[in-house]
Protein chains: 2
Amino acid sequence: MNVRLRPRTDRQTLSERLRASAAVRTAGRGMRTEDFAGWLAGRARAHHFKVDRIPLCELDGWSFAEKTGNLVHRSGRFFTVEGLSVTVDEGPFRSWRQPIIRQPEVGILGILAKEFDGVLHFLMQAKMEPGNRNLLQLSPTVQATRSNYSKVHKGSDVKYLDYFTRPGRGRVLVDVLQSEHGSWFYQKANRNMLVEAVDDVPLDDDFCWLTLGQVGELLRRDNVVNMDSRTVVACFPMQPAEAVALHSDTEVLSWFAAERARHEVEVERVPLAEVDDWVRDEFSIGRPDGRYFRLVAASVEAGNREVAAWSQPLFEPTGIGVTAFLFRRLAGVPHLLVHAKVEPGLQNAVELAPTVQCVPSNWDHLPTSARPAFLDLALTADVGRIRYEVVHSEEGGRFLNAESRYMVIEADMSQAPLEPPAGYRWVTPGQLNSLTAHGNYVNVQARTLLSCLNAGAVELSGR
Amino acid sequence: MNVRLRPRTDRQTLSERLRASAAVRTAGRGMRTEDFAGWLAGRARAHHFKVDRIPLCELDGWSFAEKTGNLVHRSGRFFTVEGLSVTVDEGPFRSWRQPIIRQPEVGILGILAKEFDGVLHFLMQAKMEPGNRNLLQLSPTVQATRSNYSKVHKGSDVKYLDYFTRPGRGRVLVDVLQSEHGSWFYQKANRNMLVEAVDDVPLDDDFCWLTLGQVGELLRRDNVVNMDSRTVVACFPMQPAEAVALHSDTEVLSWFAAERARHEVEVERVPLAEVDDWVRDEFSIGRPDGRYFRLVAASVEAGNREVAAWSQPLFEPTGIGVTAFLFRRLAGVPHLLVHAKVEPGLQNAVELAPTVQCVPSNWDHLPTSARPAFLDLALTADVGRIRYEVVHSEEGGRFLNAESRYMVIEADMSQAPLEPPAGYRWVTPGQLNSLTAHGNYVNVQARTLLSCLNAGAVELSGR
C-alpha cells in the first residue's frame with residue numbers, strides 16, 4: 001500500500017507569502033486601494049438597507065419566556081438573551097448581574113484566499129450588519145452561524161460556504177476557534193478560517209479581492225473593516241518574527257497559566273428576570289444609572305442578505321470604548337503590554353487583552369485609584385506618541401453602535417516599567433501572533449489590534 | 001537602560017535533554033530501577049495508612065446542602081458534588097443526569113527537575129492517595145490544590161511548593177493548564193508544570209530522583225506511576241519528532257475545530273437532588289442498574305500527609321476501564337488513531353481521546369451496533385499485536401479503585417482504515433505531543449498513553 005505523507009508544517013512559506021501580500025498596498029488584482037471607497041458606496045447604493053429601532057414587544061418571532069424572562073426566538077435557535085451572575089476577586093466591582101447573549105453554536109468566519117500574479121489576495125465582502133453605524137462594512141468571505149448555514153431561517157444559500165465546510169474544496173491555512181466579547185457573550189466561539197482556493201473562483205457583486213496590504217490601508221480608516229474580518233486577519237501566522245523577547249515563550253505561557261490560576265471567578269447563568277438593577281421600558285432593558293449597555297430591538301430590511309427582512313435584539317453600549325496597547329521598544333524590539341483580563345463570558349475567564357480596554361464613561365464616577373490602570377495615560381497621550389488611532393465597530397450583528405477607539409501608544413519607562421503591575425506583561429507582537437494559533441489566549445479586542453499589525457496598518461519598528 | 005532579551009524558545013535543547021534522560025533506564029543518581037520496588041515498600045512501611053469505607057452520614061465536615069442536595073464541605077472549599085444534566089447528539093445515550101465533582105480551583109501538578117552528571121532527573125514522591133488500591137504510588141514533586149497550598153485545611157506546608165509558585169525560584173520548562181476526567185469533573189483544570197532547579201535541592205524521605213527512562217520502566221508496571229505524574233510527563237516537549245505525517249498540523253487542527261463545531265452538546269449544572277435515576281443508600285449514591293459509578297465515603301489516616309486524618313467523598317467506578325490507542329505505521333511513521341470525544345465536563349466539550357476509552361461492562365447490555373467503535377477490536381486483540389498493556393489508576397484523591405487497562409495495539413488496514421469513521425483521525429505521536437503545549441486539546445486518558453511514549457515505556461518504531 002502506498003501512503004503519501006506530507007510535511008507537518010509549511011508555516012514558514014505561508015508567512016512569507018502573507019508578508020509579501022502585506023507589502024502590496026496601493027493596488028491589487030481587484031482594484032486600486034483609492035477606488036475602494038467608491039466601490040463600497042456603490043454596493044450600498046445597489047441595495048436597499050433600512051434599520052429602525054422598535055419597541056421590544058414588536059420583535060417578530062422573539063419573546064420573553066414565561067418563567068425565566070429570557071429573550072428567545074421561537075425556532076429555539078440563533079441566540080438567547082439570559083442573565084449572568086458574576087463574582088470576581090479584584091477591582092471596584094466584585095459582584096454583579098447582567099444580561100448576556102448565549103449562542104452555543106460555533107459559527108464560521110472564513111476568508112478565502114487566492115494567488116493572482118504571485119500575490120495572495122483575499123476575498124472580502126461588502127456586508128450589511130444592522131448594528132453598524134454606517135451599515136455596510138468589509139467582512140470576511142463567509143460569516144455564518146450554524147443557524148445561517150443550516151438554513152434555520154429558511155434564507156438563501158451562504159455564498160462560498162463550501163470552501164469552509166467541505167474538506168478538500170480548498171487548502172486550509174488557518175482554522176482555530178476563537179472567543180468573542182467576554183462581557184457580552186457567554187462562552188461564544190467561532191471558527192476563524194483562512195482557506196486558499198486552488199480552482200477558479202467566480203466573483204460575486206458584493207465581493208472584491210484585496211491584498212493584505214490593502215486591508216491594512218483600510219484598517220487605517222474608521223468603521224470600514226468589520227470585527228469578523230479583523231479577528232481572522234489576526235490569526236494569520238506572520239512568523240518568522242523576532243527570535244528574542246523580554247520573556248521566553250515558555251515564561252509567557254507560565255505567567256498566563258499563573259494568572260488563570262490565581263483568579264477566583266464565579267460565573268452562574270441565571271434567568272434574565274433575576275437580573276436585578278436592570279429595568280425594562282418600552283424600548284430597552286437597561287440600568288437606571290445609564291451605564292454599560294442596553295438591550296434594544298431593531299427591525300431590519302436588507303436587499304442582499306439571506307433573509308430580506310427581520311427583527312432582532314441588539315446590545316447597545318452606552319459609551320464609546322477605548323482599546324489601547326502601550327508599546328515600547330526594548331533593546332530595539334517592539335513589545336506590547338498585555339493584560340490578563342477577567343471577562344465573565346470567556347470559557348476560561350481570563351484571556352490576554354490590550355493594556356486598556358474599557359468604556360471610560362462607565363468609570364467617570366470613581367476616584368482615580370479605582371480607575372483601570374493606564375486608562376488616563378491612554379486618554380491624555382501626547383499625539384506624537386500615538387502610532388494608531390482608529391474607530392472600529394464591534395460585531396454589527398449583535399451590537400448596536402458599539403464603537404471603540406483603537407489605539408497603539410508608545411510609552412516610556414516612567415509610564416510603563418519593565419516590571420508592570422500584577423496582571424500585565426510585556427510580550428512581542430510575534431509572541432501574541434503565535435498564541436492566536438490556539439483558542440482562549442488572545443481576546444477579540446487584542447486581536448483587532450493584532451490584525452492592524454499583521455496587515456501593516458501600524459508599524460512599530462524604529463522610525 | 002540596558003534591557004537583556006532572551007531567545008524566545010529553546011525547546012530543541014530541552015527536547016534533546018529529555019530524550020537523553022529517557023535513554024537512561026537502569027540506574028540514575030537516586031537509585032537503580034531494580035531497587036525502586038523495595039524503596040516504595042519501605043516508604044509504605046514508614047508510615048501509617050488506613051482507609052475505610054464509612055456511611056455517607058459519617059463524613060466529617062461534609063454534608064448534603066438543604067435545598068440542592070449538593071455534597072459540600074463546611075469550609076466552602078475543596079470540591080462539591082453536584083448534578084449535571086447532559087444532552088449530546090450521537091451515541092445510544094442522548095440525554096442523562098449524573099453526579100459530577102466541581103472543583104473550580106486550579107491546582108498544581110509539578111515535577112522538579114535537576115541535572116546530575118549531565119542527565120536530567122525528576123523528583124518523584126511516594127504519595128498515599130486514599131482511592132488507590134495499593135494506596136502508595138509515585139506522584140509528582142508537588143500535587144496540590146489551592147486549598148492545599150493556601151492551607152484551608154490548616155495542614156503543614158506542601159514540600160517543594162516554592163519552586164512552582166515563586167517565579168524565579170527555578171527555571172520553568174513547562175507550564176500548561178490541562179483538563180482532567182470529563183466524565184467525572186466539571187471543568188477541572190490543573191497546571192502541569194516542569195521546573196528545573198538551579199540550586200541544591202534537599203532530598204526529603206518520601207522523595208527520590210529518577211531519570212525519565214526510569215519513570216518509563218515503572219510505567220510498565222501496574223499501578224505504580226499515578227495519574228498526576230503521567231499527565232505532567234505527557235506534557236514534556238519531546239520535539240523534534242517526525243517531520244512528516246498523514247495530515248499536516250494545520251489539517252489536524254482544522255479537523256479538530258470542525259469536530260468541536262459539529263457537536264451540539266448541552267450541559268447544565270443542576271442540584272444533586274435533581275439527578276433522577278440515582279438513589280442514595282447508607283453507603284453510596286448510585287444507579288439501580290449498577291452502571292457507571294457510585295458516590296461513596298471514606299475515612300483516611302495517613303502519617304505523612306499535610307493532615308493526618310480526614311474523611312471525604314470519592315467516586316467509585318463500577319467496572320475496570322479499557323483505554324487503548326490503535327496504531328499503524330504509515331510509510332514507516334507510527335500514527336495513533338485519536339478520537340475527538342465528547343465528555344460533558346470538559347470546558348470545550350470535546351478533546352482528543354484514545355481510540356477506545358470506556359468501561360466495557362457499561363456497554364454489555366447493548367447490541368453490537370451500539371457499542372463504541374473499535375472496543376471489540378481492543379478486547380479481542382491478538383497478543384502479538386499488543387505493544388503495551390498495563391493497569392493504571394486514575395486520580396486517587398477523588399476516585400476509588402478507578403482502574404483502567406491502558407493499551408497500545410497495532411492495527412492493520414482492514415481493522416483501521418486510513419479514512420476512519422467520523423470523529424477519528426490518524427495523528428503522529430509528535431503531533432499529539434505538540435498539542436499538549438496548550439490546554440483543551442488532549443484529554444487525560446490520552447495523556448497517560450502519551451506519557452508512556454514520552455518515557456519510552458512503549459516503542460512504536462519498527463521491530
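Which residue is the bridge partner of G83(B) in β6(B)? The partner is P99(B), and this pair is a good place to start reading the structure. This is a predicted model, in which local features need pLDDT of at least 70, side-chain atom pairs count only at pLDDT 80 or more, and totals for chains, interfaces and linings use all residues. Residues are numbered from 1 along each chain as its sequence is written, chains are lettered from A and ligands numbered from 1 in the order in which they are written, and side-chain values use heavy atoms, with hydrogens and water left out.

Strands and helices here are DSSP runs numbered from the N terminus, with at least two residues (E) for a strand and at least four (H or I) for a helix. Two strands pair if DSSP finds at least two bridges between them. Within chain B, strand β5 (residues 80-87) and strand β6 (residues 95-102) run antiparallel and share eight bridges. β6(B) also pairs with strand β12 (residues 185-186) of chain B, this time in the parallel sense over two bridges. In that second pairing, I101(B) stands opposite F185(B).

Strand pairing also crosses from one chain to the other. Strand β1 (residues 6-7) of chain A pairs with β15(B) in the antiparallel sense over two bridges, and R6(A) has A245(B) as its bridge partner there.

How are the two chains related? A turn of 180° with a shift of 0.0 Å along the axis lays chain B on chain A with an RMSD of 0.0 Å, the copies being superposed by least squares on the C-alpha atoms of residues with pLDDT of at least 70 in both. The two copies are therefore related as by a two-fold rotation axis. The same surface serves both copies, as 100% of the contact residues of chain B recur in chain A. Among the residues of chain B, Q347(B) comes closest to the axis, its C-alpha lying at 3.5 Å.

Contact, meaning heavy atoms within 4.5 Å, links 60 residues of chain B with 60 residues of chain A. The chains bury about 4700 Å² between them, 49% of it on carbon and sulfur atoms; buried area is the accessible area (1.4 Å probe) that two parts lose on being put together, summed over both. L5(B), R6(B) and R8(B) supply 18% of the area that chain B buries against chain A, more than any other three residues.

Charged pairs also span the interface. A salt bridge is a side-chain nitrogen of Lys or Arg within 4 Å of a carboxyl oxygen of Asp or Glu, and the rule finds 12 of them between chain B and chain A. In one, the side chains of R6(B) and E251(A) meet at 2.8 Å, N to O. Over all chains, the count comes to 76 salt bridges. Another salt bridge joins the side chains of D249(B) and R8(A) at 2.9 Å, N to O. D249(B) lies in helix α7 of chain B and R8(A) in the loop between β1 and α1 (11-22) of chain A, so this pair joins two chains.
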